[in-house]
Structures are given as structure tokens and as C-alpha cells.
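This briefing is for a reader who is meeting the structure for the first time. Look over the sequence and the model, then read the notes grouped by topic.

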Amino acid sequence: MHNAYAPSNRIMTKVMRRITPLRNRRDIRFTLDRPLVSFTYDDCPLSAVSHGLKPMEREGWRGTVYVASKLFGITNHHGLHMSADDAVAVARNGHEIGGHSFSHIDGNLTPIDEFMADVARNQNVLTDLGIANCSTFAYPFGEVTPALKTALSRQFIGLRGITPKAMTGRADLNQIASYPVFQGQDTTRAIAAIKASAERPAWITLFMHEVSHSPSKWGCTPPEMQAVIKAVKDVNARVLPVADAITFLKGGSDAQH
Ligand SMILES: [Zn+2]
């Protein structure tokens, strides 16, 4: 039995989770004429390829898969994970492959040097597979420190966190907000945010794990995924992988000056 890892609940860690979003930011400002949505898949379970990426492809959309390559082919509470071959196929289908560290380590508990070595190890595995250098990264467990934001910002154009927020007018590229698409209430909240963006166009990123008929509490069902896709279509959102969204937003902000 593979148990789910729970990030630290120490008081200092909790305090830092409130402070870190305010520190070592890399803000961009933008104006959107319609909503912008980025779908992101963490780890990534194979079910997310068949029930998440494939339905997106049918809409002509592409997503971002945050790969921790030590998880290739393993089975845990999210189910079976994609293999190295699956990752190559996903990249060939035009999806973005982003970094997520090799070992899926906790950025709050790991010394920076060790963390960065693990990030490099993940990139080496992906490079050996012929996958392009990752240009964005998602913090495993969403755990991050101000120093880690700065260290990773030298290597990646965007760093995705797990704070659920619609980004209107401004985003911190060192801790990009993201709504969980986890079964039940979280998915309902993500859909509500997407619907609200029709009135107030925002950049919304979504993150998910397995998309299966019996998901863990960190996964969603195929009908929930379909409901999210429908909401995105209903608000006529532009859908882009995270790296492309950042390029788009920067172009937009440059155009204003
Ligand atoms: Zn993860």
C-alpha cells in the first residue's frame, strides 16, 4: 500500500505559507478581452491522459503536464502513472511538459541545493527522452519558500503554485495561482470561477491528478472533467498551456506600453 504524503503542518510552515506569496514575486500585468484558461496535470496518472488530455485535444486545446519522472510507470493512490513512452507521446501531441522535480520532493523541507539537483535530474531524464527543456515548473505539493521562488525563477519563465485564485490584471509568475479540480466541492468552485470570468476576464489555471471513475480526494471523475470543459467553452475562453499563456500575457502587456 502506497500512502499519500502529507506536507508538514508545523506552525512555522503554516506561517510561511501565508508570507511566501507576498515575497520574491515576479509580477506581470495584463488586460484580457476574454478569459484565458490553462489546464495542468500533475505527476501524471495515465487516466488523466485518456480522460483529460484526449478530450482537450478534441477541442483543439493543449495542456501542461508537470512530470516528476521518478513516478513513471508506478501505481499509487492516484492509480497507474504514465510511462516514459507516454510522456514522449504527450509531448508529440503538442502538450507542454513542465518540471515537477525528479522525486516529487517537498520544497519546504528540502535544502535548496538538494532541491535544485533533483530538478536538474528530472530535466536530464526528459532530455534523454528527446523532450524539450521545461520552461515552466509546478511546486510538488505546492510547497515553496521565498528563496526557492528566486532560485527556480532563474530557470523557468513560470512557477505554478496551488492557491485558488482567478488572476485579473496581475499574476506572480513565481507562484502562479491555480484551482484544484478535485472531486466534489473543489471542482464546483473551479467551475464557478470559470463562469465568473465571463464578466471579469481572468487568467485561470486548473490543476488535477487522476481523472477516473473512483478518484482519490485529489482526483476527479470523467463527468466532472467534462463539466469543466463545458464551462470553459461556455465562456469562450482562450485555452493555452502555461508557457504559451505567459508568452501571450507578456505580449499583451508589452503592446500596452
Ligand atoms: Zn505532484
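Helices and strands here are DSSP runs, numbered from the N terminus, with at least four residues for a helix and at least two for a strand. On that basis, Ser-216 sits in the loop between strand 11 (203-208) and helix 7 (222-234). The model is a predicted one. The notes start with the zinc ion, go on to His-78 and Ser-216, and then turn to salt bridges, helix 5, a nonpolar surface patch and Asp-86.

**Zinc site**

- Three residues coordinate the zinc ion at 2.0 to 2.1 Å: Asp-43 through OD, and His-100 and His-104 each through NE2.
- Along the chain, the donors of the zinc ion have the spacing D-x56-H-x3-H.
- His-100 and His-104 are both buried.

**His-78 and its surroundings**

- His-78 belongs to the loop between strand 4 (75-76) and strand 5 (79-80).
- Because the relative accessibility of His-78 is 8%, and buried means under 20%, His-78 counts as buried.
- The side chain of His-78 has a polar contact of 2.8 Å with the side chain of Glu-210.
- Another polar contact, of 3.2 Å, runs from the side chain of His-78 to the side chain of His-77.
- Leaving aside residues up to four places away in sequence, His-78 touches Asp-43, Pro-45, His-209, Glu-210, Ser-216 and Trp-218.
- Asp-43 in that list is also a residue that coordinates the zinc ion.

**Ser-216**

- Ser-216 is buried, with a relative accessible area of 14%.
- With residues up to four places away in sequence left out, Ser-216 touches His-77, His-78, Gln-183 and Glu-210.
- Glu-210 therefore appears in the contacts of Ser-216 and in those of His-78.
- Phe-156 is 60 residues from Ser-216 along the chain, and the C-alpha atoms of the two are separated by 30 Å.

**Salt bridges**

- Side chains of opposite charge can pair when their charged atoms come close.
- The whole structure contains 10 salt bridges.
- One of them joins the side chains of Asp-42 and Arg-160, at 2.7 Å from N to O. Asp-42 lies in strand 2 (residues 36-43) and Arg-160 in strand 8 (residues 158-160), so this pair ties together parts that are 118 residues apart in sequence.
- Both ends of that pair are buried: Asp-42 has a relative accessible area of 3%, and Arg-160 has one of 1%.
- Lys-54 and Glu-57 also meet through their side chains in a salt bridge, at 3.2 Å from N to O. These two residues are 3 residues apart in helix 2 (residues 46-58), which means they are separated by about one helical turn.
- Lys-54 is partly exposed, with a relative accessible area of 30%.
- A further salt bridge links Arg-189 and Asp-186, with the closest N and O atoms 3.1 Å apart. Arg-189 and Asp-186 lie 3 residues apart in helix 6 (residues 185-196), so about one helical turn separates them.
- Arg-189 counts as partly exposed at 37% relative accessibility, and Asp-186 is partly exposed with a relative accessible area of 23%.
- Arg-25, Asp-27 and Arg-170 are connected in a network of salt bridges.

**Helix 5**

- Helix 5 (residues 146-153) is mostly covered, as 6 of its 8 residues are buried.
- The buried residues of helix 5 are Pro-146, Leu-148, Lys-149, Ala-151, Leu-152 and Ser-153.
- Their cover includes helix 1, helix 4 (112-128), strand 7 (136-138), strand 8 and strand 9 (170-172).

**Nonpolar surface patch**

- Ile-11, Met-12, Val-15 and Ile-19 make a nonpolar surface patch of about 380 Å².
- Val-15 is part of helix 1 (residues 11-19).
- Val-15 counts as partly exposed, at 36% relative accessibility.

**Asp-86**

- Asp-86 is in helix 3 (residues 84-92) and is partly exposed, with a relative accessible area of 25%.
- A polar atom of the Asp-86 side chain lies 2.8 Å from the backbone nitrogen of Ser-83.
- Asp-86 and Glu-143 are 57 residues apart in sequence, and their C-alpha atoms are 27 Å apart in space.

Note on methods:
Residues are numbered from 1 along each chain as its sequence is written. This is a predicted model: local features need pLDDT of at least 70, side-chain atom pairs count only at pLDDT 80 or more; totals for chains, interfaces and linings use all residues. Side-chain values use heavy atoms; hydrogens and water are left out. Donors are N, O and S atoms within 2.8 Å of the metal (3.2 Å for Na, K and Ca); water is not among the atoms, so sites may look incomplete. Buried means under 20% relative accessible area, exposed over 50%, partly exposed in between (1.4 Å probe, protein chains only). Patches are made of residues with over 30% relative accessible area and no salt bridge: like charges are joined within 9 Å, nonpolar side chains (Val, Leu, Ile, Met, Phe, Trp, Tyr) within 5 Å. Accessible areas come from the Shrake-Rupley method with a 1.4 Å probe; for residues, only the protein chains shown count as cover. A salt bridge is a side-chain nitrogen of Lys or Arg within 4 Å of a carboxyl oxygen of Asp or Glu. A polar contact is a pair of N or O atoms within 3.5 Å; within protein, one must be able to donate a hydrogen and the other to accept it, and residues adjacent in sequence count only if both atoms are side-chain atoms. Contact means heavy atoms within 4.5 Å.
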